[in-house]
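Hi there,

Here is the structure I promised to pass on. Have a look at it first, and my notes follow underneath.

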Amino acid sequence: MARMKFLCDADRCIDCNACVTACKNANEVPWGINRRRVVTINDGKPGERSVSMACMHCTDAPCAAVCPVDCFYTTADGVVLHSKDLCIGCGYCFYACPFGAPQYPRVGNFGSRGKMDKCTYCAGGPEGEDGSAAEFAKYGSNRLAEGKLPMCAEMCSTKSLLAGDSEVIAQIYRERVQKRGYGSGAWGWKTAYRETVDV
Amino acid sequence: MRIVLLAVLALWIGTSPGQAQPQNAPVSGFNPTASSVSEDQLLQALDRVTGRVSIPDKKSATLEQPAGRIWRDYHRSWLPWIGGVLVLGTLAALAVFYFVRGRIRLEGGRSGRTILRFTSFERFMHWLTAFSWLVLALSGLNVAYGRRLVLPLIGEDAFSRFSQLAKYSHNFVAFPFTLGIVLMFLVWLRHNIPDRTDVEWVRQGGGIIGHAHPPAGKFNAGQKAVFWIVVLGGAAVAVTGYLLLFPFYVTDIAGQQLAQVVHGVVALMMIAAMLGHIYIGTLGMEDAFDAMATGEVDLNWARAHHSLWVEEELARAARPPSGAAPAE
Ligand code: HEM
């Protein structure tokens, strides 16, 4: 079975935000919700780097561990998904998430949170049939069921953002680094998977 | 030659050990990674990686915060122990106390005459706080422990619906609770300033340990302690609670995590203290409950437990209602 991951090659990311736009469009996420974002570190200074970040679909995911209603599950492909029917919008997954992935629509009273929304690796959710309208409305597209990879990585103009089986994308990255002679590493991998890509 | 060596050395130092270090020399002859920011260095320096984002959501500028793992450990591993020791420990201690000491009886029986201990307003604010506290405590405990204790019993759908309801109760009932705390603070503050009688009361074990009845005013030292636990603990829980209720308005991710930890731990300490308070107000002491039920207590009870307060009240009642009061 594949183990799906993201890998952002920061030496290639040009902060164009095409991944963000592609994600919004593919999943029709509401205004104010960002399943993916691009963060620029040391903006405007020498050595700045941009990294595209969404849910990393962690191994032994912290969100799943702290959820008071146990609404998370991991698919056979290693994708971390959750049920919006069970979620109560308490916000705990955001405190535990190392990557700031969980998003909450602002609904109801106070600053209170609606049901959490996050990157599904374009793999839908537990609602209805794969690719059904009901699933799309709640969780967005299910490209994985169609044999396609997440839209963000597919649309990346510089192929900085890689998605796919862990072994495969790590190998692609390794070869790149070997060829061009440098690389700043797989951002977030140590935190998410407790491993890095050795080159 | 010296310059080239220095440059090589600088490049070598600039490359952190966490970065991928290929054997090949860069094709361009220039290694951009050597001078770029590195994840390992950033995490070592701050334990957090933050940058700039082009969306309005400022908290999304935090790229990585591995501290979430510590918070997770707190929530999954430490919190059950903290709560278990505090809450179950207190219950066990109270049970032992009950079997050893038994109910504190009113020695000498009732007089049949009563005296007003708490006005209807005092009772209102007490029960406002008490009932909203109970709702908050139960719904809060559900968030913290329900997944382990309740979920396996009723299944995920029912548990989720119940927890949703509990969350809304927790969020709304927070407001009457805060009002109750503020009212109690204002109305009872002057009776709860520690003074010399408290020292004596504590020295004599408060009549809880032993059978003495040390003199006390409207509130004895034990009750004063409860007052301050409720006021200070309530304030801490309310402040951190509102931070959680309005997330990221005031503080950042580290602040939110801290607020959540303080909220949970102080709430558990308060629950432990309140178990003692509830015990002594109902099961633990004969006739104590009357004071908060009808507001009237038997004169003998009042004399035994709050002698100084009774003297004060009787002296005031003996005084003419207004104007020229005779010398006492
Ligand atoms: C002004 C008062 C309060 C406010 C605004 C408040 C707010 C909150 C919020 C927003 C949460 C996060 C979970 C959720 O959304 O349901 C929470 C959790 C919690 N609250 Fe409160 N609360 C208040 C008072 C209390 C009191 C009086 C107690 C107990 C005596 C309490 C016990 C708890 C507990 C045990 C948790 C769960 C902690 C954890 O899971 O680690 N709260 N509170």
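Five helices of chain B, namely α4 (68-101), α5 (120-149), α7 (156-188), α9 (221-245) and α10 (253-281), each supply at least two residues of the shell around the ligand. With seven residues, α5(B) gives the most to that shell. Please keep in mind that this is a predicted model.

Chain B does not hold the ligand by itself: residues from chains A and B surround the ligand, so the site is shared between chains. There are 26 residues around the ligand, and those that come nearest are A:Tyr92, B:Trp133, B:His170, B:Gln260 and B:His263. By type, the shell divides into 17 nonpolar residues, eight polar ones and one charged. The space that the ligand takes up is the largest cavity.

Some polar contacts are worth opening in your viewer. On the chain A side, a polar side-chain atom of A:Tyr92 lies 3.0 Å from an oxygen atom of the ligand. From chain B, the side chain of B:His75 has an N or O atom 3.1 Å from a ligand oxygen atom, while an N or O atom in the side chain of B:His170 is 2.7 Å from a nitrogen atom of the ligand.

One more item, on a loop of chain A. A:Gly131 is found between α3 (92-96) and α4 (133-139) of that chain, and A:Gly131 counts as exposed because its relative accessible area is 52%, with the cut-off at over 50%. From A:Gly131 to A:Lys148 the separation is 17 residues in sequence and 12 Å in space, C-alpha to C-alpha.

Best wishes

Methods
Residues numbered from 1 in each chain as written. Chains lettered and ligands numbered in written order. Predicted model: local features only at pLDDT ≥ 70, side-chain atom pairs only at ≥ 80, totals over all residues. Heavy atoms only, no water. Near = heavy atom within 4 Å. Polar contact = N/O pair within 3.5 Å; in protein donor to acceptor, adjacent residues only side chain to side chain. 1 Å grid on protein atoms, 1.4 Å probe; cavity = no way out; pocket = protein on both sides within 12 Å on 5 of 7 lines; lining within 4 Å. Sits in = over half its atoms within 2 Å of the grid points. Helix = DSSP H or I, 4+ residues; strand = E, 2+ residues; numbered from the N terminus. Nonpolar A, V, L, I, M, F, W, Y, C, P; charged D, E, K, R; others polar. Buried < 20%, exposed > 50% of the residue type's maximum accessible area, 1.4 Å probe, protein only.
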